[in-house]
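Visitor: I've got a fresh set of coordinates to look at and some questions to go with it. Can you walk me through it?

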Amino acid sequence: RAKIQKQIELIQEQIDNLIERIELLNQDIEAREIEIVNLEMTIDDCYTKFEHRLRASQVTGSATNWELLFGAKSLSEFLSAVQTIKRIAEYDNGLIAELKESKKEVEAQRAALQKDREEVEALKADADEKRKELDSKLAQVQDSINSINTTLQQTEKSKKETEAEMAEKQQEIDNIYKQLEFDENYVGGEFLWPSKSFTKLTSTYGWRSWSNGASDFHTGIDIAGAGIYGTDILAANAGKVAYVKTTYVAGKGYGKYLIVDHGGGYSTLYAHCSSISVKVGDTVKRGQVIAKVGSTGNSTGPHIHFEIRVNSKHQDPLLWFPNVKK
Ligand SMILES: [Zn+2]
């Protein structure tokens, strides 16, 4: 946008320059027009004088010069007549020369005027071109402003949608936990990592933010890695399958998931499975395969979403696995 802004300023500057040059040329044209009028007046004046001279000589006839000469009664009169004839001839020649000079200058001025006019036309065309370019740039700016506004609106919408969806998911899980009845006595022993060979975490427990600006509290950890799809999900401890869900809306929630009750208020949850091999009420052993890794529900790639809850309240699973790197 800053680049386009810069281009617009540059074009505007060019247009201003062109307008300035056009104004200067117009002033020049005006001056030349005045000059031409003046020259034409001079030419008219010369013509008038010349005409007068011609008319005068017509009146006196071509014999005038001879009459002047042969009418002389003395040498001095004769010489004076010669002088007069000479002066008249000089005067005529002067008029002709002046006339020629003026005509030449008028032609030069007219040519210059034509050049100026052509230049003005060219500059005007140039300015028009620049204005068109400016209009197109401004349209481009408007387009990008519109597009940014649309994106902002979409981001805002998707942020709200994401947060609403996350809240809905939490509500759903909370409701399920409220309905479940857990065994009072803990099965004992330590928790087992739910995957045989995958320990890479793509998301840890706690607040997280999404690319659209939304944020939600991640109630478990995401275990992933190349080739994890379809691999075994192991029961973290012995217990009873408390809940299994295999129906889901594509792209939403936990997808296929299950909850195992380990007694004493402890339970584990495994989500986004591709398949679940146990059913509600089944007793499972520690390390037993209970499901396969998938990417069902709201998931961007195959992973195990693993939760440990104590009295239905989610905890950071890594508290039980201090050796796993965050
Ligand atoms: Zn998760």
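Visitor: Let's begin with S6 and strand S7: how many bridges join them?
Guide: Bear in mind that this is a predicted model. S7 covers residues 256-263 and runs antiparallel to S6. In that pairing Val241 stands opposite Val260 in S7. The number of bridges joining S6 to S7 is 5.

Visitor: And which residue stands opposite Lys240?
Guide: Strand S6 spans residues 239-245, and it also pairs in the antiparallel sense with strand S10, residues 283-284. That pairing runs over 2 bridges. Opposite Lys240, in S10, stands Thr283.

Visitor: There's a salt bridge that uses Lys245. Which residue is its partner?
Guide: Lys245 lies in strand S6 and its partner in helix H3, so the pair ties together parts that are 73 residues apart in sequence. The closest N and O atoms are 3.8 Å apart, which is inside the 4 Å cut-off for a salt bridge. Lys245 counts as partly exposed because its relative accessibility is 23%. The partner is Glu172.

Visitor: Asp174 and Arg309 also meet in a salt bridge; which of the two is buried and which is partly exposed?
Guide: The N to O distance here is 3.8 Å, and the pair links helix H3 with strand S12, 135 residues apart. Buried means under 20% relative accessible area. Asp174 has 32%, so Asp174 is partly exposed. At 0%, the buried one is Arg309.

Visitor: What about Glu33 and Arg117, how far apart in sequence are the parts they tie together?
Guide: The structure holds 13 salt bridges, and in this one the closest N and O atoms are 2.5 Å apart. Both residues are partly exposed, because Glu33 has 32% relative accessibility and Arg117 has 35%. Glu33 lies in helix H1 (residues 2-60) and Arg117 in helix H3, so the separation in sequence is 84 residues.

Visitor: Now the metal: which residues are the protein donors of the zinc ion?
Guide: The donor spacing in sequence reads H-x3-D-x82-H. The donor atoms lie 2.0 to 2.1 Å from the zinc ion, inside the 2.8 Å cut-off. Two of the donor residues, His218 and Asp222, are buried. The donors are His218 (NE2), Asp222 (OD) and His305 (ND1).

Visitor: On to the rings. Why does the Trp193 and Phe321 pair count as edge-to-face, and how far apart in sequence are the parts it ties together?
Guide: The planes are 85 degrees apart, and edge-to-face applies over 60 degrees, so that label fits. The centres are 5.0 Å apart, and both Trp193 and Phe321 are buried. Trp193 lies in the loop between H3 and strand S1, while Phe321 is in the segment after strand S13, so the parts tied together are 128 residues apart.

Visitor: What is the angle between the planes of Tyr254 and Tyr257?
Guide: This is another edge-to-face pair, with 5.5 Å centre to centre. Tyr254 is buried because its relative accessible area is 3%, and Tyr257 is buried too, at 1%. The angle between the planes is 80 degrees.

Visitor: Any odd backbone angles? What is phi of His272?
Guide: Most residues other than glycine have a negative phi. His272 lies in strand S8 (residues 266-273) and is buried, with a relative accessible area of 3%. Its phi is positive, near 65 degrees.

Visitor: And Asn311, buried or exposed?
Guide: Asn311 has a positive phi of about 50 degrees although it is not a glycine. Asn311 lies in the loop between S12 and S13. The relative accessible area is 60% and the cut-off for exposed is over 50%, so Asn311 is exposed.

Visitor: Last one: what distance separates the C-alpha atoms of Thr300 and Ala81?
Guide: Thr300 is found in the loop between S11 and strand S12, and counts as exposed because its relative accessibility is 86%. Along the chain, Thr300 and Ala81 are 219 residues apart. Their C-alpha atoms are separated by 121 Å.

Key
Residues are numbered from 1 along each chain as its sequence is written. This is a predicted model: local features need pLDDT of at least 70, side-chain atom pairs count only at pLDDT 80 or more; totals for chains, interfaces and linings use all residues. Side-chain values use heavy atoms; hydrogens and water are left out. Rings of Phe, Tyr and Trp (its six-membered ring) pair if their centres lie within 6.5 Å; planes under 30 degrees apart count as stacked, over 60 as edge-to-face and the rest as tilted. Helices (H or I, at least four residues) and strands (E, at least two) are DSSP runs, numbered from the N terminus. Buried means under 20% relative accessible area, exposed over 50%, partly exposed in between (1.4 Å probe, protein chains only). Donors are N, O and S atoms within 2.8 Å of the metal (3.2 Å for Na, K and Ca); water is not among the atoms, so sites may look incomplete. Two strands pair if DSSP finds at least two bridges between them. A salt bridge is a side-chain nitrogen of Lys or Arg within 4 Å of a carboxyl oxygen of Asp or Glu.
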